[in-house]
Amino acid sequence: DGLIVSEKVKSNNIDVKIPESELEAEDKGAEGEHPRESDSNILDLSSDYPRDKHISIQRHLADLEKLADLREDERKSCPLCPEEKFKACYGHKLHRHLQNLHWKVSVEFEGYRMCICHLSCRPVKPNLVGDQTLSKMGAHYHCIICSATIVRRADMIGHINRHVNKGETESRFITVRAPKSSYEVLKESATDVQVLPNHSTPQKTDSYFNPKMKLNRQLIFCALAVLSGERKPIECLDAFGATGIMGLQWAKHLRSSVKVTINDCNENSVTMIKENCHLNKMKVKLNMREEDNDETVGNGEENSDTIEVTKMDANVVMHLRSFDFIHLDPFGTSVNYLDSAFRNVRNLGIVSLTSTDISSLYAKAQHVALRHYGCNIVRTEYYKELAARAVIAAVARAAARCNKGIEVLLAVALEHFVLVVVRVLRGPTPADDSAKKVRYLIHCQWCEERVFQKEGNMVEENPYQQLPCDCHGSMPGKTAVLLGPLWSGPLFNTGFLRRMLVEAVQYGLDEAQPLLKTLVCEAECTTLKHFSTHSPGDENKQEECGVYIRTPNTSAESYLVHGKRKSEEVLRGTAKRQRAEHSAEHPPFYYNIHRHSIKGMNMPKLNKFLNYLSEAGYRVSRTHFDPMGVRTNAPLAQFKTVLVKYSTPTYVGAQAEGPVHLPGEIQVGEEVPAAAVMKVEEAQLAEDDKSGVAAAVFTQSYPTHCAAD
C-alpha cells in the first residue's frame, strides 16, 4: 500500500506504518498546515501534488490488522485510536475492536473502506476552560478523493456523492481529473461537446447541459446571425459558458463574422470548455489576466477558428470590455448582471437574456418576483406574457440607468424559460422613450379584462373607469388589482423576425422554424399561414438603425447608416414613423378561448373562431404563449359575444345546430356592454333548464354524436 515503517508513535509506543509524505509534512512544521475553520465540519487537507492515502483507508480487514501487528503474546494498541481512548490489549481483543468499530463503521467507495478514525489529526474546539489537551478527540473520516476530514458518516456519504456528481471519481492521491471514460459526448447542430454523466442537474455539476434548451440556443443563434449580416466582425460574449456549446456553435457556423468569447467563473467549466474547443478543432486564446499558466493552443493569432476563453465573474468581464452581442444565461434570474451588460455594450448592439426562474415569473412565488424584478404579479390567463413584460421592464430600467434605450426584437416565454432579445439604442432620448413605456396594468379579477394605466402623474378619483368592463358596478367590493410595473410596448419586431426565419432556413434549424413562423404572424397579428421568406433586399422593407421596418408604399433600397450624426437623424425618423404606425402594432395580451367559453355550449374550432373575429373587423392571430390563446384588439365583451354567437348546445332538445341568435338588436362588430353578455349567458342557462333532466342524463350516458343519431 505504499506505506513505510518510519518511527514509533509516542502515544501508543508501537510501530505504526505512516505515510512518508505525512512525515515530511510534520518536519515542515506549521508552515505546511492549512488554515483551520472552527465553525466548519470539513477541513480540506488536499494539495496539488499526489500523496499517499491515510492509514484509515484500506481495502481489506487484513490490511488494517497488519498495521496493528497483531500478536497473541504481546499487548498492542489500536493504530486508529489514541492511548487514552483504547488501551493496549492482546491480539484477539484488538481484532474484535478493529472489526466491530473501525471496519463496520466505515464508508465504502470503489473497493476501499474509509474507516472511522479517532486520532488527533483533526483540530477540535477547546473546552470552556480553554485547555486544548483536555478537549475530547472527535471521531472523523478521511476522504479518499480530496483527503478532507469529515465528522459525520452521513456527511461523508454526501461528500463522496458530490465528488461523483462532479466527475471526480479518481482519488487525488493519483490524479485530480476524472478519467476520459466518464465523459459523455453529445452532438447538437454539428457541434460536439463532452459532458459529465450528471450534466442535467445544474446545482450538482460544473458542466450543466440541458437538451431541452436546444430551441433557446437556436433562437439566439438566429439573432446573432442576423446581427452578423449588418456589420462584420462583431464581438460576442457568452457570459455563462458551462460546456461552451453556444459559443462553439457561433464560431463554427458564422466563422469570420464573429469573434467569440466564452466566459465562466468555474475552473472545471473553463477546463471543459477548452477541451470542447479541441474536440471541435477550434484554437483557444486564453485571457492574459488568468493566473494559471496553461499552454495556449495556437500562436495567439486572430483567425476564424480561434475562441477566447476567460475565467472571471460575468460582471467583471462585461465591465472591462465592450461587446456587440451579449448573452446572459445564468442559473435563475439575470437581473444581477443587467447593469454590467448595458454599461459597455456598443450602440445598435444586441443583449439577449434567458431567465429560468419561472416559479417567480409565472406567479408561483410572487414575493420572489417582487424582490428580484420589483414587480407585483398574480396568476392570470396571460401569465406567460406577463412574465415576459416583467423581464423587459427590468431590462428597460437597467438600460435607462446607463442612458440607453431598448427596442424589443423578440420575447418568448415557454415552459422552461423566458427569452428576451433587445437592441440597444444609445442616448438619453431613446432612454426616456423606453422608460415611458414601463407602466402599471389594471387587471379585473372577475372577468380578467385588463388595460394599461394611462400616462401621467395625476391621481384619478375612480381608476376603475379605465377598465372596459363594469364589474366594479355590478360586483361588491374591490374587483381590480394593480400589476407591474410592466413593459407596455410591442414584444416583436416583424422585420427582424423575418430575417431570423431566413437564417433558420439557411442553417437548417428545424425546431426554430415553426416557432418563428408563429412569431411573425403574431407580430403582424394575422392568421396567414403561408408566407414567403424573402431576402433582406426586399423592396417593401428598408433598414434603419440596423432594423428592417415595414414600409408598404415605398420601394427604397436597403441601406445602412454609418456615423453618429446620421444615426441620430435616422433614430428621429424612426420614432416619427413608429408614432404614425402605432395602430399597426400587435395588441397587448391575449384571451384564452377555454377560459371564456359558455357552460353547456360547444365552442367552435379555434381556427374558425379566428375567422369569425376577423370577419367582424378585428385584428386577430394565434400566440405562442398559449396554444388556445387568441391575440386580438377586440374588447372582452365583444370577444364573448362572438364566442356565444357561434357556439352550439351540447344536447339536442334545446335548439337545432347552428349559431345562437343574440337578443335584441345587438350585432357583431358593435360595442357590447358586459351586462348584455351576462343576459346572453342567463338566456342560455334558462334554455338548459327547459330541456329537462332526461336529455342531460342521456347526454352523460352516451357520447354527443350518439345522441344526435
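Okay, let's start at Ile406. Leaving out anything up to four places away in sequence, Ile406 touches Phe342, Ile392, Val395, Ala396, Ala399, Val422, Arg423, Ser434 and Trp487. Bear in mind that this is a predicted model.

So where does Ile406 sit in the bigger picture? Together with Phe342 and Met500, Ile406 is among the residues with the most contacts inside the largest nonpolar core, which has 113 residues. Helix H12 gives this core its largest share, twelve residues. And domain 2 (212-288 + 304-454 + 474-494) and domain 3 (526-531 + 587-650) each put at least three residues into this core. There's also a second, separate core, with 20 residues, including Cys447, Leu613, Val620 and Val642. As a general point, nonpolar side chains in soluble globular proteins tend to be buried together.

Now on to the sheet. We've got three strands in an open sheet, ordered S20-S19-S21, and the pairing is antiparallel. Why do S20 and S21 each have one side without a neighbour in the sheet? Well, strand S20 (450-452) and strand S21 (480-487) are at the edges with a single partner strand each, so one side of each is left open in that sense. Going from one strand to the next, the twist averages 25°.

Let's look at one pairing. S19, residues 438-444, runs antiparallel to S21, and six bridges join the two. For a landmark, find Arg439, which stands opposite Leu486 in S21.

And here H12 comes back: this helix, residues 383-401, packs on the sheet and touches S19, S20 and S21. Its direction makes about 50° with that of S21.

Note on methods:
Residues are numbered from 1 along each chain as its sequence is written. This is a predicted model: local features need pLDDT of at least 70, side-chain atom pairs count only at pLDDT 80 or more; totals for chains, interfaces and linings use all residues. Side-chain values use heavy atoms; hydrogens and water are left out. Two strands pair if DSSP finds at least two bridges between them. Helices (H or I, at least four residues) and strands (E, at least two) are DSSP runs, numbered from the N terminus. Axes are lines fitted to C-alpha atoms, for helices over the stretch in contact, and angles run from 0 to 180 degrees between N-to-C directions. Contact means heavy atoms within 4.5 Å. A nonpolar core is a set of buried Ala, Val, Leu, Ile, Met, Phe, Trp, Tyr and Cys residues joined through side-chain atoms within 4.5 Å. Buried means under 20% relative accessible area, exposed over 50%, partly exposed in between (1.4 Å probe, protein chains only). Domain bounds come from an automatic or database domain assignment.
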